[in-house]
Structure formats: structure tokens, C-alpha cells
Amino acid sequence: MDWHIKSIEETVENLKTSLNGLSAAEVTGRLEKHGRNELVEGKRKTAFMMILDQFKDFMIIVLIGAAIISGSMGAIVDTLAIVAIILLNAIIGFIQEYRAEKAMHALKQMAAPLAVAMRDGKPQNVPSAELVPGDIVLLEAGRIVPADLRINDASQLKLEEAALTGESFPVEKFIDPLDDKSASLGDRLNMAYQGTIVSYGRGSGIVTDTGMNTELGKIAAMLQDQEEMKTPLQQRLAIFGKRLAIAILVVCAIVFAGGLIRGEDALLMLLTSISLAVAAIPEALPAVVTIALAIGAKKLVKQNALIRKLPAVETLGSVTFICSDKTGTLTLNKMTVEELFCSGQLLISEDLKAVDEEFTKADSQLTRLFTAMALNNDAALDKHNKVIGDPTEIALFEIAADKGYVKSSLEKQYPRIAEIPFDSDRKCMTTFHKTAEGKIISYTKGALEAIIEDSGLDEEVKKGIHEANERMAGDGLRTLAFAVKEWDELPQEMTPENTEKGLTFLGLTGLLDPPREEAKDAVALCKKAGIHPVMITGDHPLTARTIATRLGIIEEGEEVITGRELQDLSMDEFEEHVEKIRVYARVAPEQKIKIVQALQDKGEYVAMTGDGVNDAPALKSSNIGVAMGITGTDVAKEASHMILLDDNFATIVKAVKEGRRMYDNILKFIVYSMTSNAGTVWTVLLAPFFGLPLPLVPVQILWMNLLADSLPGLSLTTEPAESRVMSRPPRRPDEGIFDRGRWVFILKYGLIVGVLALFFQAYAINEEMHWQTMIFTSLLLSRLAVVVAVRSEHDSLFQSGVFTNMPLVGAVILTFTLQMAVVYIPVLNPIFSTEALTLWELALTLLLSSVVFFVVEIEKWVFRKKNS
């Protein structure tokens, strides 16, 4: 039912009630029919089910299998390491999912516990949960609206609706029906919605909807319907895990069969094949992902971005569209006087900065204008010397004070003795002040039409004023006119009709919530990084266009779409244009879901900002939901993936950079681990075809896997961002882990390591050296060469800086030391089937293992030369 277009009489008739309220018996019957006025939660997962879900990932199943095999072979250390990784992953996943369930709880907290309703003709305190359609609810300042109401009585009634509609100012309510059936929630001025707060005045309303039928209930239903999106990395790792498991099984089967054909011992070949399978699995990958995400999240907190759901850090690196609120995120959320029209002159922001008290004294009209700004003003300083009051009045208060017209000083000269408050019908406010001579002076501010009506101004002058007003409005500024009138004594009849006629026009002010300085640089960086910044606002299209143009989001003449136009478009029609639209104005928060879905249907990754309750479903359904830390509601924060502690757009861009760095580092680990494992696999797989004995025994394979995958691999997560990280487009949504030539790198350099090892083995056997220990050591040290080489995709190690990642330096030194211990400590020789190498053997081993590093460096150098 569209209650906002119904008259009070129609509403009463449709709901079969009266303005004296319902009887107790009638309430009981309606409660049975409509149910309690409560938000109902859908079926929730138990904690046990959440824990169980953490072990369903294919990569985790593969690791569980590897742990069982390692344990059965007696490799206890390897088994414990894998089990620790699996448990760590499960704990973090459980915590994230458990926290995500809190959004509904936060929504419930918005409901008022008690309400005052007319029952049996008398006002009574009743539990809000027992309200039914047809109840008459009394409203007064400070109360939370307990259900959706059609206002039937309003005495200067104002509601704070920011959490539901995004409207930052209190909204005055009326009782008259509206004509516009499709009016947005924020424009339904005769309705009050559950969860909003009465900020001023009093009134009453007829309950139209309760429980899940309220606007708040619809949001609760949408929150329950919206499923969490899997992050790009989660999707890619799932595919990677399945393909890797199949490839490993095939290779191990070939190794086992080849060994048997050559007449090797069946048990030895089985153990070697199983060891190879365990070694080929990058079991440190879940730990690397978790640690990389945790490090990224810790860094981001220092940059005012709080990560609520750990995988969100990585998703940031894939973002292709950032859809941002205007107010407070792209702008300062502080009204400022941008332009001023006085004495026939238009002063823009640069001119205003040059205006001082001396300048104003040279122009009596400018003096009177700033005096009017200060005196016709209810803003004031609190005990902490902070200006409090209406945002528009604060802006006027501050510019007047800045030019030397301080309200407190002026009030001593011209004390306020009466006032006619602002009224939305006449759009004016008038204050009366006593002068030192005992006369009265009144200052009026408000809409231009009301101010210059009956002002006696020449038509040519009026035309100039209207042109200035239209110019300001065309620039998206909110205009206010000021006028003055002198009296011999205070008027007997204090009515607008008697006091606001025949005014002397003083001037016009143009106000705007200006864009943040850092937001302009952040928008430019977004574009450079191939990310499309989009502005979404409930504000006027002209204001939206002005801010978007100043920030560089759009160029002159580019399209701005309104909420009404968006409403008229089908999803198919909208999707044809959605990737080209950069500014949405007069958009209701619920329309954000349509924007998110349209972009996602086009294959884009979307970051969406929001602060209100109505934003929560869009935040949850987007790839990255970003809630405001300062102005955001608890519901928005609980539905989000990330919270901006400073409500600043530039912080999102910093977070994107961190997300790209983190994802790059995970890819570096995968390339490092798979290249190193490929080297070992090629060596073991090809040895029989060259007529060589098995180069490694099972314990050596497991030792390499444990040692090289853990410390050096994990330390790659601390690698700093590459210089080009924000100069390249986002990764394509369909880009796989092995795209951009990574699979070629793994196969090529794995093969180089393997083939070099086999030639080295043949040479060492021929020279009667300690060949197996040399192969074992060279393969392990080759892994260290690879980890240093993959620190940057294109930059040389010497460009990146040898010591810019100290954890990696420490890991390389420690790994080298532990390997030397295995080779040279006699008690460890029988355990690892090693023998002490001579100085010449060690020198040859070191030389061979460093070859891969120099080959990679040469390839990078060639690439840089080609692209310079």
C-alpha cells in the first residue's frame, strides 16, 4: 500500500482504526494476524557447521591427505607443520564467518523497546513488539520511531532519517497526502519509518506496517538474502588446487612406473613417489595467504582502514570500480561559503580569501551583510570552543568571524530581543536586535524570492540579482539571500506578513560542501591505475556535477543519471550503459544494489561505500563493502568488509595499493614454490631416462620441502610494493594464477634447474664426487636463488634493493645455515643420507645453484630494454 498518497481519512478507513486508537481486544486479534513487531532472523549456521565448512576447500582436503601420507612415512615434523597450517586457516575462517553474522543483531538494536500508543482512548506505554497496524503512536523529541507510520499530527515535527535515507539534515514532517506515487523514502514527508529518530517537535502517526513488512524489515530480509561473494583469490586457488592435485598424481604415477620398469625396489619407488607428491604441494600456501592478508590488514589500520573480513585485503587489488558516497568521503562534510554577491559584485572563493575587515569597512553594504550572517544565526561556540549548530549556519558563522564579525561581540552591541523561526513554507528566518540608540533592526535570511518580494528594487537590479542567483545554483551552490529593515520600535504584530515586507536587500551567499584536496589526487591515481571512480549521492544533480567535475571524475558535458531515471531503466537497459556512468544523483540507498549487480553482471569487481542502514545490503553484496567509521551506522559497519576510520576516499585508494601489493606477493610465492618444486620433479622424473640413479632419497625431498617452502616463502609476504603497482590496470576478473606468462616461467626455470641438476649429477658421478649430497644441496640452494629472483617481476634485485626485505634476507641466511648443518654435522649425515663436501665440491654446488638467478636477471634486463 502506498500510504504516502493516502489522506489521513483514507488511511484510517483502510486500517479499520480511529484516531482514538484501538481497543485491547482488537490489538490481541491483530497481533495474532500480523505477528509481533520484530525483525525475524533467517536460519543461522551453528558454530559447529561454520567450523566444518572451513575444511571443505579442495586445497585443504589435499593438505589433509598430504599430512596423513607424511605421518604414515614417519615425517612427523612435516606432518605437524601441515596440520598447524590447516588449523590456523580454519580458526581464521571461522572467526571471519562468525563476525559476519552480527549485522542482523545490529539491525535489531535500532528498534525502540517501548512506545506510547493510544489504547482504549488513552495514551499508554506499550512494548514496541506489541504494536499492530492501526495503532496510533505518539511521537516527541528523542524517541525512536517504533514502526512505519503515516503522520496524522505534526507540530514542527522533525526526524533524523540519515541512517535510512542518507539525508544528512533533519527532515520536517507534514500531514498532507503526496501526489507522487513513486516518491523515494526521503521524499515521503508524511511518513515516519521504524528506526529513525525524532529530533524536534511532536506529533503522532498511524501504524501502517510492523515487523518484517517495515522498511527496516525489508532491509533485514535483503541482508539475509545477500550471500557473501567469494574473493578472486579464493576462486582462483580453488581451480589451482584441483588442477595441481591432478598434475601431481600423474607425475608421481609416471615416476613410480618408470622406477619399476628400471628394476628399482618397489617400496623405495613408492616412498619416493609419495615424497614427491608431498613436496610438489605448496602446503605453505594457505599460511602465506593468511599471513600476507594479516600483514596487509595491520598496515591498513595505520592508514585509517580497518579490515573486518581478512580476504577483503586481497579483493581490493582486483577492484575495477570504486562507487563512493559524495558527502564526507569525497567532500569535507562541512558547508562552506564559496561565493558571495553584494553591491552588484560577485566574489568567488579566491576573491573571498582576499577579503578582510578593512576591505569590508570600505563597503557599508558588505559590512551589513557580514553583520547579518553573524547575528541572524543560531550557531554558537560550546565549552570546548567548537562551533555547534546547523551546518549552513556554522558556515555563515565561521566566514563572518573570519572577516572580523564575531557573533558574541556583535550581540553585545545588538542584543537579540525577538525572532520569527525558520518555516519551510515561507523559507525565511528573521531576528530582531536592539541598537545602542534604542532603535530596532531586523535581519532576514532565506530564499531569494521571499527576500526581494516587495523590496522596491529596480527591475534591472532585480534582474542582476536573479542572474547571480542562477549562476550560483548552476554551479551547484545552495543560495541564501540576506536583507535588513530598521524599526523605531519592536512591531506589535510579530507575523511574517507584517515584518518581512519592504526589506532592504543586502546580498547573496552560495554555499557548498567542498571536495577534499586529497580526493582529487586519489581520483587521478585511480584513473592511472585503471580503476573507475564513481560518485553516488542523494544530492541535487547540479551539485553532484560540480563536485565530480572539480575532482576530475567527469569532464564537462559527461552524463549524470538520477535515481528516477535509474528507476525507469530495466536491468538489461541499465547494463548497456552502467560501465560508462560516473555520477549518480538523487539516488536512494536501495538503488545501490542495482548498480552493484549491474557492474558485477558485466564482470567488474566493485567497491561500494555506505553509512546508512539502507546501504547494508549493497555493502554486503558488493565485492568490497566499505563503511564509514565516523558517520556510519553499526548495521552498515557489520555488513561491510572494511571500515574507513577517517571517512576519506583517499584511504580507499591506499587500501587498493596495499591489496595489489599483497596479491602480487602471494603470486610471487606461488611462482617461487612451483618453480622450485618443478625443479625437483623434473630432476626425479627425468633421471631414469638419462640412465642415472635416483638423485634424491625421500627424506631429502621432504627436508627441502619443509625448509625452503616455509621461511623464504613466508618472508615473501613482507615484500614492499613494486614501483609500477599503481601504474597498471587491475587484474582481469577472469585472470588465472598462471596467466601473464607465469606458467611459462615455472616450466622454463623448473626445467633449467632440473636439467642442470642432472648434468651436474652425471658430472659428479663421473668424477667420483659426493654426487647425491651435491645434488641435494644444489637443488635447495637453487630455491634460494629463485626466491631472490622473483622478488620483482621486472626490476633487477639491485633496483629493488637487496636489503629492502630484511625478513627474506634473514630467511635465506638461516636456510643456508641449516643446509650446511645437514651437510657438515656428522650426527645429521646418516639421517639425511649426506656426506661432508670438499671446498671444491661446495664451490661447484654454489656456482650451479646461482645460475638460475643470473638467467632470470638477464631476462628482466632484456624486458626493460624492450620496454624503455
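Me: Angles here run from 0 to 180 degrees between N-to-C directions, along axes fitted to C-alpha atoms. With that in mind, which strands does helix α15 lie across, and at what angle does it run to β10?

Reply: The model is a predicted one, and in it helix α15, residues 364-375, lies across β10 (336-342), β14, β15 (428-434), β16 (440-446), β17 and β18. Its direction makes about 140 degrees with that of β10.

Me: What makes these strands a sheet, and in what order do they form it?

Reply: Two strands count as paired if at least two bridges are found between them, and seven strands form an open sheet in the order β11-β10-β18-β17-β16-β15-β14, with antiparallel pairing. The edge strands are β11 (345-347) and β14 (416-423), because each of them pairs on one side only. On average, neighbouring strands of this sheet are turned by 15 degrees against each other, with direction ignored.

Me: How do you know that β17 is joined to β18, and how many bridges are there?

Reply: The cut-off is at least two bridges, and seven bridges join strand β17 (residues 478-487) to strand β18 (residues 504-512), so the two strands count as a pair, and they run antiparallel. T479 shows one such position, since its bridge partner in β18 is G510.

Me: Which strands does β4 pair with?

Reply: Strand β4 (residues 148-160) pairs with strand β7 (residues 197-209) in the antiparallel sense over 10 bridges, and D148 has D209 as its bridge partner in β7. Two bridges join β4 to strand β6 (residues 191-192), again antiparallel, and here R150 stands opposite M191. Two bridges also join β4 to strand β5 (residues 171-172), antiparallel as well, with V171 as the bridge partner of L159. Because at least two bridges are asked for, the links to β6 and β5 still count as pairing.

Me: Why is the contact of E215 with K218 called a salt bridge?

Reply: The name asks for a side-chain nitrogen of Lys or Arg within 4 Å of a carboxyl oxygen of Asp or Glu. The closest N and O atoms of E215 and K218 are 3.2 Å apart, so the pair qualifies. The two residues are three residues apart in helix α8 (residues 215-225), which means that about one helical turn separates them. E215, at 15% relative accessibility, falls under the 20% cut-off and counts as buried, whereas K218, at 41%, counts as partly exposed.

Me: How do you know that D475 and R471 form a salt bridge, and are they buried or exposed?

Reply: Their side chains meet at 3.1 Å, N to O, and since the limit is 4 Å, the pair therefore counts as a salt bridge. As to cover, neither word fits, because D475 has 28% relative accessibility and R471 has 38%, and values between 20% and 50% are called partly exposed.

Me: What makes the pair E722 and K668 one that ties together parts apart in sequence?

Reply: The closest N and O atoms of E722 and K668 are 3.3 Å apart, and the pair forms a salt bridge. E722 lies in the loop between α29 (698-715) and α30 (742-766), while K668 lies in helix α28 (residues 649-686), so the pair ties together parts that are 54 residues apart in sequence. E722 is buried at 14% relative accessible area, and K668 is buried at 7%, because both values are under 20%.

Me: How many salt bridges does the structure hold, and which residues are linked in a network?

Reply: The structure holds 28 salt bridges, and D325, K592 and D615 are linked in a network of them.

Me: Why is F798 called exposed, and what patch does it help to make?

Reply: The relative accessibility of F798 is 63%, which is over the 50% cut-off, so F798 counts as exposed. Together with V802, F803 and M806, F798 makes a nonpolar surface patch of about 460 Å², and F798 itself lies in helix α32 (residues 797-800).

Me: What can be said of the protein chain as a whole, in its helices, strands and buried residues?

Reply: The protein chain has 35 helices and 24 strands, and buried residues make up 53% of its 868 residues. Of the contacts with a separation of 6 or more, 71% come from residues 24 or more positions apart. The chain exposes about 37,700 Å², of which carbon and sulfur atoms supply 58%.

Key:
Residues numbered from 1 in each chain as written. Predicted model: local features only at pLDDT ≥ 70, side-chain atom pairs only at ≥ 80, totals over all residues. Heavy atoms only, no water. Patch = residues over 30% accessible without salt bridge, like charges linked within 9 Å, V, L, I, M, F, W, Y side chains within 5 Å. Areas by Shrake-Rupley, 256 points an atom, 1.4 Å probe, with all protein chains shown as cover. Helix = DSSP H or I, 4+ residues; strand = E, 2+ residues; numbered from the N terminus. Buried < 20%, exposed > 50% of the residue type's maximum accessible area, 1.4 Å probe, protein only. Contact = heavy atoms within 4.5 Å.
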